[in-house]
Amino acid sequence: MSGVPLFDRVALIGIGLIGSSVARVMRRDGLAGTIVACARTEATLETVRELGLADDISTDPAAAARDADLVMICTPVSTYAAIADRIAPALKSGAIVTDVGSVKAAILDDVLSRLPPDVHFVPGHPIAGTEMSGPEAGFETLFEDRWFLITPQPGCDPAAVERVAEFWRRAGSQIDVLDPEHHDQVLAITSHLPHLIAYTIVGTANDLEDHIKSEVIKYSASGFRDFTRIAGSDPIMWRDVFLANREAVLEMLGRLWEDLAILQRAIRVGDGETLEAFFRRTREIRRGVIEAGQHVPPAPPDQDQQ
Ligand code: NAP
């Protein structure tokens, strides 16, 4: 479907899994007059050129952001402050700057305090992703039937919020508006802690003695395989998420320890009743996820969704 562009000129600062999926949606539906892609390395930009994802490319965020109506920051969250410093002098009056970062409270100051007052910042986060990285990993259906969370700061321009929301609706997402701290607490338990657990289990398995380790890979379909998928996620992105959302993750980790101790004791003393009651409760949660249509991870059309 092609239509009238929502934005004349769009700068994507960072064009990996998320940025390239945004570019694909914009290309498919004609939502941007011109797309300029910015990455750190020439190699990534060469791939972007080969894939035809952008009209122009640059390793310089300021050059990419110049004259853009929409600047979308799609890089790991630790880069935000430096990128905001770079783009600030190049932004035109009335430009909208938005982002897709997985942590919202910590990034607000990093960006907002550095942008000129006549530029609108609309922070956001697509609740969609895979464990893959880079421009080849993106696909245009990534955001379909997923949530896009907007975490506006006080004074955030409603018209700018609406323009950003409209793009995400066209990408197939539903929009919700959340307070940034609340967002970070919810995501700490739904996304950040599961990744920490997966990284831990896979790391623990890797430290086992060699004769056990070889069997772990061989028989991984028994549950371990699902953890390895999550633990294969980008190390830089996840390093940044844990450092930027430290307090909420530590709070949820504390609660997890308490529950683990309950299960540990139940196993030690042979308390099947406690174990069964706990597992029945969690099975209900799984049913709720299925009913909400959030159980299948998004995958490119030609990818096996095991
Ligand atoms: P990615 O595939 O690793 O891509 C990151 C991109 O950022 C690359 O193009 C990289 O360029 C570029 N980049 C890194 N540092 C830069 C800098 N200083 N200046 C300019 N470009 C820079 O990452 P992603 O998975 O798309 O994640 C991007 C953001 O989306 C993160 O903030 C993450 O929290 C958020 N997010 C991710 C997911 C997910 O499932 N992956 C889901 C929702 C939100 P090079 O390739 O040249 O290094």
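**Two domains and a ligand**

The domain assignment splits the protein chain of this predicted model into domain 1 (7–178) and domain 2 (183–269).

Student: How many Å separate the centres of the two domains?
Tutor: Take the C-alpha atoms of domain 1 and find their centre, then do that for domain 2. The separation between those centres is 29 Å.

Student: Okay, and what area is buried between them?
Tutor: Start with who touches whom: 15 residues of domain 1 are in contact with 15 residues of domain 2. Carbon and sulfur atoms give 64% of the area buried there. The whole buried area comes to about 1,200 Å².

Student: Which three residues supply 44% of the area that domain 1 buries against domain 2?
Tutor: No other three residues of domain 1 supply more. They are Ser102, Val103 and Glu131.

Student: Which side chain meets glutamate 131 in a salt bridge?
Tutor: Between domain 1 and domain 2 the count is 1 salt bridge. A salt bridge needs a side-chain nitrogen of Lys or Arg within 4 Å of a carboxyl oxygen of Asp or Glu. Here the N to O distance is 3.4 Å, and the partner of glutamate 131 is arginine 229.

Student: How many nonpolar residues are on the side of domain 1 that touches domain 2?
Tutor: Polar contacts do occur between the domains, with 6 residue pairs counted. On domain 1's touching side, 5 residues are polar and 2 are charged. The nonpolar ones number 8.

Student: Now the ligand: which residue has a polar side-chain atom 2.6 Å from one of its oxygen atoms?
Tutor: The ligand has 26 residues around it, and the closest include Arg40 and Thr41. Isoleucine 15 uses a backbone N or O atom, 2.9 Å from a ligand oxygen, and glycine 134 also uses a backbone one, at 2.8 Å. The side-chain atom you're after belongs to serine 102.

Student: And how much of the ligand does the protein bury?
Tutor: Taken alone, the ligand exposes 910 Å². Of that, the protein buries 87%.

Terms used
Residues numbered from 1 in each chain as written. Predicted model: local features only at pLDDT ≥ 70, side-chain atom pairs only at ≥ 80, totals over all residues. Heavy atoms only, no water. Domains from an automatic or database assignment. Contact = heavy atoms within 4.5 Å. Buried area = accessible area lost by both parts, 1.4 Å probe. Polar contact = N/O pair within 3.5 Å; in protein donor to acceptor, adjacent residues only side chain to side chain. Nonpolar A, V, L, I, M, F, W, Y, C, P; charged D, E, K, R; others polar. Near = heavy atom within 4 Å. Areas by Shrake-Rupley, 256 points an atom, 1.4 Å probe, with all protein chains shown as cover.
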